[in-house]
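Reader: I would like to learn how to read a model like this one, feature by feature. Could you show me the structure and then walk me through it?

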Amino acid sequence: MTIQMTMDRERALPHKDRPAAPSRAGMEYRRTEPRAVRICIIALAVTFLAVFVVLPLVVVFAEALSKGILAYLAALSDPEALSAIRLTLLVAAISVGINLVFGLTAAWAITKFEFSGKTFLISLIDLPFSVSPVISGLIFVLLFGAQGFLGPWLQNHQLQVLFAVPGLVLATTFVTFPFVARALIPLMQELGTQEEEAAISLGASGLQTFFRVTLPNIKWGVLYGVLLCNARAMGEFGAVSVVSGHIRGETNTMPLLVEILYNEYQFVASFAIASLLAMLALITLIAKTILERHLDEGRLSHDD
Amino acid sequence: MAVAVRRSILPGFGLTMGLTLTWLSVIVLIPLAGLFLKTSELSLDQFWAIVSSRRTLSALKISFGLAFLAALVNLVMGTIVVWALVRYRFPGRRLLDAIVDVPFALPTAVAGVALSALFAEKGWLGAPLAAIGLKVAFTPVGIFIAMIFIGIPFVVRTVQPVLIELDPEIEEAATSLGANRWQTVTRVILPSLVPALLTGLALAFARAVGEYGSVIFIAGNLPNVSEIAPLLIVIRLSEFRYADATAIAVVMLVAAFLIIFVVNRLQRWAQTRALTH
């Protein structure tokens with residue numbers, strides 16, 4: 001047990017901090033708690049996460065399948081469900097696209113150059129994370145609503161932003177704004193600028209440098225950011241709820257349809273849609289774990 | 001801001017910085033500024049009347065009070081989870097580690113209906129709890145439960161890296177100087193985790209204060225009893241009382257900014273501490 005513990009710990013530690021093995025194995029014994037305490041702590045941790053995280057997940061699938069697989073499939077092939085799925089995919093695709101471009105440009109500007117106010121700029125990018133989802137929707141209602149700053153102008157030009165796809169996209173983009181940039185900034189900071197400088201001084205153009213040198217180095221980071229951004233974009237509820245107007249079959253995304261069906265006591269249908277979103281979350285987590293392993297490997301190979 | 005201090009041979013500073021500032025302004029800064037502009041249309045008296053009305057005050061009290069309690073629970077349970085994940089090896093540890101992120105990844109509406117079904121009077125957990133006289137769903141307790149759920153990852157993920165990186169030598173030194181295990185943990189290890197613990201607490205608190213989707217299904221949403229502030233904003237909007245909605249939002253936003261400020265301070269504190277150690 002001690003040996004396995006030591007090996008695992010060594011893998012967890014960055015290798016430069018790894019002390020000599022023999023002294024480690026001896027001390028390891030004293031660095032832990034009595035067996036009874038260990039078991040209590042593990043039991044508490046497992047119980048807490050089982051009750052608060054695993055059970056809610058299980059309930060989603062149990063409720064969705066409570067009337068059998070046929071009722072489940074019928075709920076998912078309902079026209080309203082299908083239109084919600086389509087809308088969710090569309091809104092997420094646009095928002096993720098916008099945030100991908102933004103994330104790449106912001107990370108390039110922030111990590112490849114020195115300028116004053118950098119920390120401030122990063123906190124501005126992080127801002128949407130600390131804004132309540134409802135407020136994220138509200139700000140767009142204040143801008144584009146009938147009583148809003150741009151409302152009358154939009155009405156004169158017959159442009160519909162609120163209660164339509166553009167409003168959903170804006171609110172979703174706001175909420176997911178920091179994801180890609182946040183995934184890339186620390187990664188690109190660590191990679192430095194030497195490789196790009198070498199490419200440029202050898203005569204490569206800026207775009208060539210980006211696509212041939214930078215992008216291969218950060219591809220896992222880009223995927224990581226896109227993955228998390230997409231999960232949040234597809235699952236966003238509060239912000240989207242405020243700007244959607246809940247027009248059936250038109251502006252209901254999947255999370256909004258979950259709410260509507262639930263409030264109408266159509267529990268199987270509601271949990272069926274919810275189960276799709278829960279699967280999205282689980283797939284996202286699995287993919288995230290795999291990507292994190294790639295990112296760690298990349299980091300280690302760069303160190304060596 | 002847009003002046004490169006050190007000349008770099010890399011191209012694209014003007015372009016990428018320009019695009020970054022444009023995106024940032026269009027999507028984040030201008031819409032947020034609009035909120036404050038809208039509030040400035042209110043006189044101070046009007047603003048105060050909205051914010052200090054009984055229903056608004058109750059909603060703010062419920063959101064902030066329960067969010068703080070939930071963050072405290074997460075502080076304690078998060079520390080226990082981190083300890084188990086970092087210090088012990090047991091079957092299923094990696095799975096447990098991955099599960100911690102579920103509240104991040106699960107859409108809030110899904111969490112909301114799931115918790116509501118789980119804790120409803122006939123639910124898997126609601127039924128046994130009702131048998132001992134504890135009603136969870138459609139009461140403030142339900143809000144508290146949902147806020148615990150949503151805050152789980154914050155304490156764990158901020159403390160975990162710090163505990164992993166903690167220098168084993170200080171612990172060994174404490175032990176060889178005669179401290180027993182309890183003393184080593186409470187006097188040596190926990191104090192060095194304090195900045196991370198407080199950061200996790202603040203982040204979990206901030207998230208729970210603004211939380212909407214996972215709370216409204218289980219809350220019952222009774223004015224003055226189980227109505228959270230974000231829901232009151234939505235209600236005011238649906239009544240076209242924009243000024244009310246905006247005033248509540250400004251209070252919450254200012255609180256959120258204060259929390260970010262505190263978190264930044266905490267992180268700076270953690271860094272200087274790490275340097276002096």
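Author: Gladly, and let us begin with a pair of helices: H3(A) and H3(B) are oblique to each other, because their angle falls outside the other classes (under 35 degrees is roughly parallel, over 145 roughly antiparallel, 65 to 115 roughly perpendicular, the rest oblique). This is a predicted model, in which local features need pLDDT of at least 70, side-chain atom pairs count only at pLDDT 80 or more, and totals for chains, interfaces and linings use all residues. Residues are numbered from 1 along each chain as its sequence is written, while chains are lettered from A and ligands numbered from 1 in the order in which they are written.

Reader: At roughly what angle do the axes of H3 of chain A and H3 of chain B cross?

Author: Axes are lines fitted to C-alpha atoms, for helices over the stretch in contact, and angles between N-to-C directions run from 0 to 180 degrees. Here the axes of H3 of chain A (residues 35–64) and H3 of chain B (residues 54–87) cross at roughly 120 degrees and come within 9 Å. The helices themselves are DSSP runs (H or I, at least four residues; strands are E, at least two), numbered from the N terminus.

Reader: Is the crossing of H3(A) and H3(B) left-handed or right-handed?

Author: A crossing is left-handed if the near helix is turned anticlockwise from the far one by less than a right angle, and right-handed if clockwise. H3(A) passes H3(B) in a left-handed crossing.

Reader: Which residues of H3(A) and H3(B) meet?

Author: Contact is judged by C-beta atoms, placed from the backbone, which must lie within 7 Å. From H3(A) come A:Ile41, A:Ile42, A:Leu44, A:Ala45, A:Phe48 and A:Leu49, and they meet B:Met77, B:Ile80, B:Val81, B:Trp83 and B:Ala84 of H3(B). By class, this contact has eleven nonpolar, no polar and no charged residues; Ala, Val, Leu, Ile, Met, Phe, Trp, Tyr, Cys and Pro count as nonpolar, Asp, Glu, Lys and Arg as charged, and the others, Gly among them, as polar.

Reader: How many residues of chain A are in contact with chain B?

Author: The interface joins 83 residues of chain A to 81 residues of chain B. On the chain A side, H3(A) gives the largest share, 17 residues. That side has 55 nonpolar, 17 polar and eleven charged residues.

Reader: How many helices and strands does each chain have?

Author: Chain A has 15 helices and zero strands, and chain B has 13 helices and zero strands. The C-alpha trace of chain B spans about 70 × 65 × 35 Å along its principal axes.

Reader: Is B:Pro230 buried or exposed?

Author: One counts other C-beta atoms, placed from the backbone, within 10 Å: 20 or more is buried, 12 or fewer exposed, and in between partly exposed. B:Pro230, in helix H12 (residues 229–238) of chain B, has 28 C-beta neighbours inside 10 Å and so counts as buried. Leaving aside residues up to four places away in sequence, B:Pro230 touches A:Ser132, A:Val134, A:Gly238, B:Gly210 and B:Tyr212. By contrast, A:Phe211 lies in helix H12 (residues 206–235) of chain A and is exposed, with 12 other C-beta atoms within 10 Å. Buried residues make up 43% of the 304 residues in chain A and 45% of the 277 in chain B.

Reader: What pLDDT does chain B average?

Author: pLDDT is the predictor's confidence in each residue, from 0 to 100. Chain B averages 92, and 96% of its residues score at least 70. The model scores ipTM 0.91 and pTM 0.89.

Notes. Contact = placed C-beta atoms within 7 Å.
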